[in-house]
Amino acid sequence: MRLTLHVWRQASASKPGRMERYDAPDVNEDMSFLEMLDVLNEKLIAEHKEPIAFEHDCREGICGSCGFMINGMAHGPQRGTTVCQLHMRHFKDGDVLYLEPWRATAFPVLKDLVVDRGAFDRIVASGGYVSVRTGSAPDGNAIPVPKESADRAMDAAACIACGACVAACPNASAALFTGAKISHLSHLPQGQAERSRRALRMVRQLSIEEFGSCTNIGECEAACPKSIRLEVIATMNRDHLKASFATRGESQSAAGE
Amino acid sequence: MQLDSKIPTGPIEQAWERAKFDMKLVNPANKRKFNIIVVGSGLAGGSAAASLGELGYNVKCFCFQDSPRRAHSIAAQGGINAAKNYQNDGDSIYRLFYDTVKGGDFRAREYNVYRLAQVSVNIIDQCVAQGVPFAREYGGALANRSFGGAQVSRTFYARGQTGQQLLLGAYQALEAQVDSGRVKMITRTEMLDLVIVNGRARGIVTRDLVTGKIETHAADAVVLATGGYGNVFYLSTNAKGSNCTAIWRAHKRGAAFANPCFTQIHPTCIPVSGEYQSKLTLMSESLRNDGRIWVPKQAGDKRSPRDIPEAERDYYLERRYPSFGNLVPRDVASRAAKAVCDEGRGVGETGLGVYLDFAESIQRLGRHAIEERYGNLFEMYNRITGEDPYTVPMRIYPAIHYTMGGLWVDYQLMSTIPGMFVLGEANFSDHGANRLGASALMQGLSDGYFVIPYTLGNYLASTKLEKVDTSAPEFAAAVAEVNDRVSRLLSIKGNRTVASFHRELGKIIWDYCGMARNAEGLTKAIGRVQELREEFWKNLNVPGSGEDMNQQLEGAGRVADFLELGELMCRDALQRKESCGGHFREEYQTEEGEALRDDENYQYAAAWEYAGENAEPILHKEPLEFHYVHPAQRSYK
Ligand SMILES: Cc1cc2nc3c(=O)[nH]c(=O)nc-3n(C[C@H](O)[C@H](O)[C@H](O)COP(=O)(O)OP(=O)(O)OC[C@H]3O[C@@H](n4cnc5c(N)ncnc54)[C@H](O)[C@@H]3O)c2cc1C
Ligand code: FES
């Protein structure tokens, strides 16, 4: 099949960008979307042009490196699929595709389709963990975890931090990402001791990073390649509210620490 | 070059305890005065950086991805082994030790493997405490599954995303240390050289992958945890960015490279579909618990699998290996698949595939049970091939997956360069000539959480280190070399892309140094790799400049190193005139076509010393001794 691509080209963070048009003449339906771009890039290099920069690593839908908008949809039209796992059999001859990077103040564009998602690491650093010194853990079976809780924790922990939720949200909110981590740890007995601190600090970091606030639109859930459910945001809000009440009276910053 | 493996003596059961007691300790107040560089943030590097930060060292950790959480470890699916014996099925530390030594075809160090089996139990405890959501039974206890090469159920898992969950555990611990200020995480940065001052590793040279800036970092010790080199084959199950640059640069600076030809072919991957193919996708080995592998009895049988009656199918693993059946180790399963395809009985369009069939399990356990166990893998298969494995058997074929070889390290995980330690898949590891499934995650975390925190301290406390910073002339010299190489790559302006060279290299190595090897082919491959390397430096086309993000330039540097390592792999395979584990020399096999080891002449680890450009590398041998598990021909019949 033959496709026409319009791709966002931007040399670096400080330079302006624009859409450019490319022809992809021999697209095989068994190719992945990124393989289609590889072939296009090989052609560009042969013509002594700069290939399109896009991020990728595992190409198995698990590392969260890849991701861009295809015709306004994060990771493209197939539900529950990262762009590296999206195959060309879902497109047809003559299709015109617009490829753009994630757009959010918190995710500045570095080059072409590559953005800086460092804010996600800082959110995790602010509290998305259980503090346990190496070697000091009790036996793995010492604390039974009901299968139901373990399953729900795993559902939330499946997040790959690709950023599609932020890109899909009209407010550029990172509530789904943050809620997923809070929810994962809140469902487990191991996550209880730091539960309040975690919610307070992670939510505070969200606003420091200039993500927008969540107004329950739900686009994030639809765009998430791992089908993380909106209920993780409810868990985050509940944990945050409870923690805020519990620490009322103490100074805000002390509560945050 | 001297190989001193520092293997303890005395009873193996207490060896690690004794070694730990004999190690010197760094005074807690002094730890923050030591600067440590950790290159790599996968299971090995991430767990090491987190644990060292927690102890109070001043750590800088590097990765080339945009976040430490994206290291290749994230892709591990199946699980992690530990000798917990929670299933009460006869497992023990000794049995895990025994299985690993035997599975590695008697080419690993017994004392290292025993330590690995011992700490395996601590790893599970640590990860559970971090909140890793391992699979549970209804009663709330941890669940287990079986993996190849073992007759007990000792594999812990988190659906089909075990690597992801373990890595997120390590990553979260790492980020907690970043928050506390003890670890500085430097992402999108690639190590391009190692700096040695007065014979000791004292720093690295890096390139910022966003700005192109070449930078230097000094330290009291350098830890490499940069993963395996499977991408030398171009098509592999590794992430696209996985590379050998860090270990290869260190090799050229004096670190011995051990057993480079010991590479693992995984039996269950999705077969290649076309020229444009950029990587291969693994279907977890755990599928072999419930899937049955078969091909038609008749060569050239093109009927659809459902139309082939039971009597005309050959469940060749069950037939040849009745006691392990579909769960034989990877090397055995891979070779058996190649054998049936060579006979013309392979399936699919290319004839390079065998069936992995779930029909019987679905009938016995119900679709729901299979969905619970493998749902995400089935989905992934469907997404890639467009076929539904619930109704049509999967087609699978072996693919390169893991590298047992790597930088030589002693029992303390230190390389032949003092002050440089190597962890995880990057070292020549504890897996001998073949790694058992679910043991790489175990080894990475063992090295990072439980070994390096002791052995690094021992090195620092027992070594007198002069003050060194990046103004030392050795840093400037290394930077000049790096700059020179980058500008050479950019200035060739030839006609072939990085990918085209990489693909050709991969094909040479796969054809001659893959599942089956022989002297003639290996000799030919060495010549072809040399020619290709020569052409690479004359005819490569890297667009753009070195002053900003340039993914082609990154790739070019990595392929340049693969072109050198590929030759060493062939040399290593050529000198080892025996078959063992993943190294199968056609000249050396039993009448039944099984690997034929030669313990009298080849019971050693081959450690190669770099001798300079265009000079033949020098082979050193570390003899292996077996006091506990006696070498015998592996039998899985
Ligand atoms: C698809 C797949 C499935 C697997 N499943 C299993 C399984 O179920 N069980 C099991 O036990 N094993 C499994 N394995 C093997 C296992 O995942 C790996 O061996 C292991 O994760 C390697 O971990 P590591 O920490 O050594 O390296 P990696 O995870 O590869 O990490 C390497 C790190 O080094 C960094 N790096 C590399 N080069 C440089 C450089 N030059 N400069 C700066 N940074 C650099 C990278 O950024 C990264 O952070 C699987 C492997 C694959 C491919
Ligand atoms: S490349 Fe890893 S998720 Fe797409």
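What follows is a chat between two people about a predicted model with chains A and B and a ligand.

Colleague: Before we start, what kind of model is this?
Modeller: This is a predicted model, and local features are discussed for it where pLDDT is at least 70.

Colleague: Let's start with the two chains, then. How many residues does the contact take from chain A and from chain B?
Modeller: The contact between them draws 77 residues from chain A and 75 residues from chain B. The area buried between chain A and chain B comes to about 6000 Å², and carbon and sulfur atoms give 49% of that area.

Colleague: How many salt bridges are there between chain A and chain B?
Modeller: The count is nine salt bridges between chain A and chain B. One pairs B:Asp179 with A:Arg201, where the closest N and O atoms are 3.3 Å apart. There are also 44 residue pairs in polar contact between chain A and chain B, with both residues at pLDDT 80 or more.

Colleague: And which elements give two or more residues to the side of chain A that touches chain B?
Modeller: For chain A, those elements are α1 (33-46), β6 (109-111), β7, α2, α3 (147-157) and α5 (175-186). The most comes from α3(A), which gives seven residues to that side. Sorted by class, the side of chain A that touches chain B has 37 nonpolar, 18 polar and 22 charged residues.

Colleague: I'd like to look at one residue now. Where is A:Arg117 placed?
Modeller: A:Arg117 sits in chain A, in the loop between β7 (114-115) and α2 (118-125).

Colleague: Buried or exposed, that A:Arg117?
Modeller: A:Arg117 counts as buried because its relative accessible area is 3%, and the cut-off for buried is under 20%.

Colleague: What does the side chain of A:Arg117 reach?
Modeller: The side chain of A:Arg117 reaches the backbone oxygen of A:Ser65 at 2.9 Å, and a polar atom of that side chain also lies 2.9 Å from the backbone oxygen of A:Cys162. Leaving aside residues up to four places away in sequence, A:Arg117 touches residues in both chains, including A:Glu55, A:Trp102, A:Phe107, B:Asp66 and B:Arg70.

Colleague: Over to chain B. Which residues does B:Tyr276 touch?
Modeller: Not counting residues up to four places away in sequence, B:Tyr276 touches A:Asn28, A:Asp30, A:Met31, A:Glu35 and A:Val39. B:Tyr276 is placed in the loop between β11 (263-269) and β12 (292-296) of chain B, and its side chain is joined to the side chain of B:Ser273 by a polar contact of 3.2 Å. At 12% relative accessibility, B:Tyr276 counts as buried.

Colleague: A:Asp30 was in that list, so what does its side chain meet in a salt bridge?
Modeller: The side chain of A:Asp30 meets that of A:Arg89 in a salt bridge, at 3.2 Å from N to O. This pair links distant parts of the chain, 59 residues apart, with A:Arg89 in the loop between β4 (73-74) and β5 (96-100) of chain A and A:Asp30 in the loop between β2 (17-24) and α1 of chain A. A:Arg89 counts as partly exposed at 23% relative accessibility, and A:Asp30 counts as partly exposed at 31%.

Colleague: Changing topic, which residues come nearest to ligand 1?
Modeller: Of the 38 residues around ligand 1, the nearest are B:Gln65, B:Ser73, B:Met191, B:Glu425 and B:Leu441. A polar side-chain atom of B:Gln65 lies 2.5 Å from an oxygen atom of ligand 1. Polar backbone atoms also take part, with that of B:Ser41 at 2.8 Å from an oxygen atom of ligand 1 and that of B:Ala440 at 2.9 Å from an oxygen atom of ligand 1.

Colleague: One last thing, why is helix α7 of chain B described as largely enclosed?
Modeller: Helix α7 (residues 245-252) of chain B is largely enclosed by the rest of the structure because seven of its eight residues are buried. Among those buried residues of α7(B) are B:Ile247, B:Trp248 and B:Arg249. After α7(B) comes B:Gly254, which has a positive phi near 125°.

Methods
Residues are numbered from 1 along each chain as its sequence is written. Chains are lettered from A and ligands numbered from 1 in the order in which they are written. Side-chain values use heavy atoms; hydrogens and water are left out. Helices (H or I, at least four residues) and strands (E, at least two) are DSSP runs, numbered from the N terminus. Buried means under 20% relative accessible area, exposed over 50%, partly exposed in between (1.4 Å probe, protein chains only). A polar contact is a pair of N or O atoms within 3.5 Å; within protein, one must be able to donate a hydrogen and the other to accept it, and residues adjacent in sequence count only if both atoms are side-chain atoms. Contact means heavy atoms within 4.5 Å. Buried area is the accessible area (1.4 Å probe) that two parts lose on being put together, summed over both. A salt bridge is a side-chain nitrogen of Lys or Arg within 4 Å of a carboxyl oxygen of Asp or Glu. Ala, Val, Leu, Ile, Met, Phe, Trp, Tyr, Cys and Pro count as nonpolar, Asp, Glu, Lys and Arg as charged, and the others, Gly among them, as polar. A residue is near a molecule or strand if one of its heavy atoms lies within 4 Å of it.
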